[in-house]
Amino acid sequence: METKLKRLLISVLAIVLISGCVKQIAHEETRQHSLRENASLQLTEEGRQLLSEGKPDHAIRALEQAISLNPDNGRCYYYLAEAWLQKDNISQARQFNNLAENYLKKDKGWKTRVADHCLLYTSDA
């Protein structure tokens, strides 16, 4: 009987330890995800600033880095579309604008901005 009690106690302790480790791993993954999102947003802002300075090539590099950190960053695709517009590459701009439209469809303000970009493509097509 005492042996069964020891086994039960050891099993319970093992489960508690494992669940604690799983929670710690999940917390760490969430923290790293958040750091990647923040870095992506900073690079997106850098890209936006470079676009406003008329430096689309530099902006494209920064924005591509932002996407590599967070591929769900819809604003990044929007600014990539804008960068390719500045370089007069309508086809590339249209592709990135389509991605922006997909990722930003739930945000009314950005949805309008993306739709405005679409007007630029149809007038130049």
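Reader: Which residues of α3 are buried?

Author: In this predicted model, the buried residues of α3 are Gly74, Cys76, Tyr77, Tyr78, Tyr79, Leu80, Ala81, Ala83, Trp84 and Leu85. That makes α3 a mostly covered helix, with 10 of its 13 residues buried.

Reader: And how do I read the length of helix α3?

Author: Compare its span with what is expected at 1.5 Å a residue. Helix α3 covers residues 74–86 and reaches 19 Å from its first C-alpha to its last, close to the expected 18 Å. You can read α2 in the same way: with 14 residues, α2 reaches 20 Å, close to the 20 Å expected.

Reader: Which residues are buried in α2?

Author: In α2 they are Pro56, Ala59, Ile60, Ala62, Leu63, Ala66 and Ile67.

Reader: Let me step back to the whole chain. How many helices and strands does the protein chain have?

Author: There are five helices and zero strands, so-called α-α-α-α-α when the elements are listed from the N terminus on. Of the 125 residues in the chain, 27% are buried. The chain exposes about 8,700 Å², and carbon and sulfur atoms supply 57% of that area. Among contacts with a separation of 6 or more, 54% are between residues 24 or more positions apart.

Reader: Now to the interior. What should I have in mind when I look at a nonpolar core?

Author: The general idea is that in soluble globular proteins, nonpolar side chains tend to be buried together. Here, the largest nonpolar core has 24 residues, and Tyr78 and Leu80 have the most contacts inside it. Each of α1 (2–52), α2, α3, α4 and α5 (108–124) supplies at least two residues of this core.

Reader: Which helix gives the most to this core?

Author: That is α3, with nine residues.

Reader: Which residues is Tyr78 in contact with, leaving aside its neighbours within four places in sequence?

Author: Tyr78 is in contact with Asn97, Ala100, Leu104, Trp110, Arg113, Val114 and His117. Its relative accessibility is 6%, and because buried means under 20%, Tyr78 counts as buried.

Reader: I see several tyrosines in this part of the chain. How do I read a pair of aromatic rings?

Author: A pair of aromatic rings is described by the distance of the centres and the angle of the planes. A search of the whole structure finds two such pairs. In one, the ring centres of Tyr77 and Tyr103 are 5.1 Å apart and the planes are at 10 degrees, so this pair is stacked. The two residues are 26 residues apart and link distant parts of the chain, with Tyr77 in helix α3 and Tyr103 in helix α4 (residues 90–104).

Reader: Is each of these two residues buried or partly exposed?

Author: Tyr77 counts as buried, at 7% relative accessibility. Tyr103 is partly exposed, with a relative accessible area of 34%.

Reader: What is the arrangement of Tyr78 and Tyr79?

Author: Their ring centres are 5.2 Å apart and their planes are at 80 degrees, so the pair is edge-to-face. Like Tyr78 at 6%, Tyr79 counts as buried, at 7% relative accessibility.

Reader: Let me move to the loop between α2 and α3. Is Asn73 buried or exposed?

Author: Asn73, which has its place in that loop, is buried, with a relative accessible area of 6%. Its side chain is joined to that of Ser40 by a polar contact of 3.0 Å. Not counting residues up to four places away in sequence, Asn73 touches Ser40, Leu41 and Thr44.

Reader: And what about Asn70?

Author: Asn70 is found in the loop between α2 and α3 too, and at 12% relative accessibility it counts as buried. Leaving aside neighbours within four places in sequence, Asn70 is in contact with Glu37 and Ser40.

Reader: One backbone question to finish. How should I read the sign of phi?

Author: Most residues other than glycine have a negative phi, and most peptide bonds are trans. In this chain, Asp88 has a positive phi of about 60 degrees although it is not a glycine.

Reader: Where is Asp88?

Author: Asp88 comes just after α3, in the loop between α3 and α4. At 67% relative accessibility, Asp88 counts as exposed.

Methods: Residues are numbered from 1 along each chain as its sequence is written. This is a predicted model: local features need pLDDT of at least 70, side-chain atom pairs count only at pLDDT 80 or more; totals for chains, interfaces and linings use all residues. Side-chain values use heavy atoms; hydrogens and water are left out. Helices (H or I, at least four residues) and strands (E, at least two) are DSSP runs, numbered from the N terminus. Buried means under 20% relative accessible area, exposed over 50%, partly exposed in between (1.4 Å probe, protein chains only). Contact means heavy atoms within 4.5 Å. Accessible areas come from the Shrake-Rupley method with a 1.4 Å probe; for residues, only the protein chains shown count as cover. The expected span of a helix is 1.5 Å times one less than its number of residues. Rings of Phe, Tyr and Trp (its six-membered ring) pair if their centres lie within 6.5 Å; planes under 30 degrees apart count as stacked, over 60 as edge-to-face and the rest as tilted. A polar contact is a pair of N or O atoms within 3.5 Å; within protein, one must be able to donate a hydrogen and the other to accept it, and residues adjacent in sequence count only if both atoms are side-chain atoms. A nonpolar core is a set of buried Ala, Val, Leu, Ile, Met, Phe, Trp, Tyr and Cys residues joined through side-chain atoms within 4.5 Å.
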